[in-house]
Amino acid sequence: MQELSLNILDIAENSVKAGASLITVAVCYRPAADRLTVTITDDGCGMDAETVRKVTDPFYTTRTTRKVGLGIPLMMQNARLAGGDVRIDSTLGQGTTLTATLHGDSIDCLPLGDLAGTVVSLVSANPERPDFRLSCSSPKGSMDFDTREMRQALGNVPLNEPEITAWMLSAIQEEIEPIFGGVIQ
């Protein structure tokens with residue numbers, strides 16, 4: 001994968017398949033500590049300790065349509081190449097949190113990429129359920145986008161309506177740009 005947002009997309013899709021009702025993606029950049037942290041949290045079915053150990057193996061997957069599962073192993077590889085690592089905390093029946101830490105200034109740190117497009121893709125592919133929350137922060141500021149607020153404001157309007165997805169994309173991009181300002185994009 002050429003950008004972190006594609007890793008995020010793949011892992012968040014796993015959360016959708018795990019039956020999550022809320023998936024939160026948090027991206028925090030702290031240049032003084034040379035730290036980029038990406039956290040993906042869900043309240044899905046969770047995993048037992050044995051499954052948590054297995055998901056880091058690219059040849060392990062719960063899917064029946066293919067014999068490999070590359071999302072988490074690729075995120076681990078990307079984090080380690082950038083001098084960081086990945087931690088997975090999961091409780092069966094309660095959900096999973098994946099936290100990737102990377103050295104943002106590392107030459108091997110992938111760019112964040114199109115985070116707004118990733119979130120809008122997730123929302124438009126899953127307009128009814130689950131809800132998605134995006135939280136971004138850096139010393140330049142912070143932002144929070146939450147589909148629960150969108151649903152409340154829009155009522156019965158589906159979140160995958162073209163006008164709604166276009167607005168979401170523009171609004172998220174507009175809020176992310178000053179926070180990350182091309183530093184990790």
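This is a guided tour of the structure above, stop by stop, with a note on what to select at each one.

**Before you start**

The model is a predicted one, in which local features need pLDDT of at least 70 and side-chain atom pairs count only at pLDDT 80 or more, whereas totals for chains, interfaces and linings use all residues. Residues are numbered from 1 along each chain as its sequence is written, and side-chain values use heavy atoms, with hydrogens and water left out. The names of helices (H or I, at least four residues) and strands (E, at least two) refer to DSSP runs, numbered from the N terminus.

**Stop 1: the sheet**

Select the strands, and you will find 6 of them forming an open sheet in the order β3-β4-β2-β1-β5-β6, with mixed pairing; two strands are said to pair if DSSP finds at least two bridges between them. At the edges are β3 (85-91) and β6 (141-146), each of which pairs on one side only. From one strand to the next the twist averages 10°, where angles run from 0 to 180 degrees between N-to-C directions and axes are lines fitted to C-alpha atoms, for helices over the stretch in contact.

**Stop 2: strand β5 and its two partners**

Now colour β5 (131-138), a strand that is mostly covered, since 7 of its 8 residues are buried; buried means under 20% relative accessible area, exposed means over 50%, and partly exposed is in between, using a 1.4 Å probe and protein chains only. On one side, β1 (22-30) pairs with β5 in the parallel sense over 7 bridges. To follow this pairing residue by residue, select L22, which stands opposite D131 in β5, and then C28, whose bridge partner in β5 is S137. With β6, strand β5 runs antiparallel, and 6 bridges join the two. Here R133 stands opposite D146 in β6, and the two strands form a hairpin with 2 residues between them.

**Stop 3: helices lying across the sheet**

Add helix α1 (residues 4-17), which lies across β1, β2, β4 (95-102) and β5 and runs at about 20° to β2. Then add α4, which lies across β1, β5 and β6 and runs at about 170° to β5.

**Stop 4: α4 against α6**

How are α4 and α6 arranged where they pack? Helix α4 (residues 115-125) and helix α6 (residues 162-180) pack at an angle of about 150°, with their axes 9 Å apart. That makes α4 roughly antiparallel to α6, where angles under 35 degrees count as roughly parallel, over 145 as roughly antiparallel, 65 to 115 as roughly perpendicular and the rest as oblique. In their contact, which means heavy atoms within 4.5 Å, α4 contributes L115, A116, G117, V119, V120, V123 and S124, while α6 contributes T165, M168, L169, I172, Q173 and I176. These residues divide into 9 nonpolar, 4 polar and no charged; Ala, Val, Leu, Ile, Met, Phe, Trp, Tyr, Cys and Pro count as nonpolar, Asp, Glu, Lys and Arg as charged, and the others, Gly among them, as polar.

**Stop 5: the loop after α4**

Move to the loop between α4 and β5, and select N126. Is N126 buried or exposed? N126 counts as buried, because its relative accessibility is 12%. Not counting residues up to four places away in sequence, N126 touches E13, V16, F132 and R151. In the loop between α4 and β5 you can also select P130, which a cis peptide bond joins to R129, with omega about 0°.

**Stop 6: positive phi values**

Most residues other than glycine have a negative phi, and most peptide bonds are trans. With that in mind, select D34 in the loop between β1 and β2 (35-42); phi of D34 is near 50°, a positive value in a residue other than glycine. Next find G83, just after α3, which takes a positive phi of about 75°.

**Stop 7: helix α3 and the start of the chain**

In helix α3 (residues 71-81), the buried residues are G71, I72, P73, M75, M76, N78 and A79, and they pack against α1, β2, β3 and β4. Finally, select Q2 in the segment before α1, which is exposed, with a relative accessible area of 68%. Although Q2 and N78 are 76 residues apart in sequence, their C-alpha atoms are 9.7 Å apart in space. Leaving aside its neighbours within four places in sequence, Q2 is in contact with L110 and P111.
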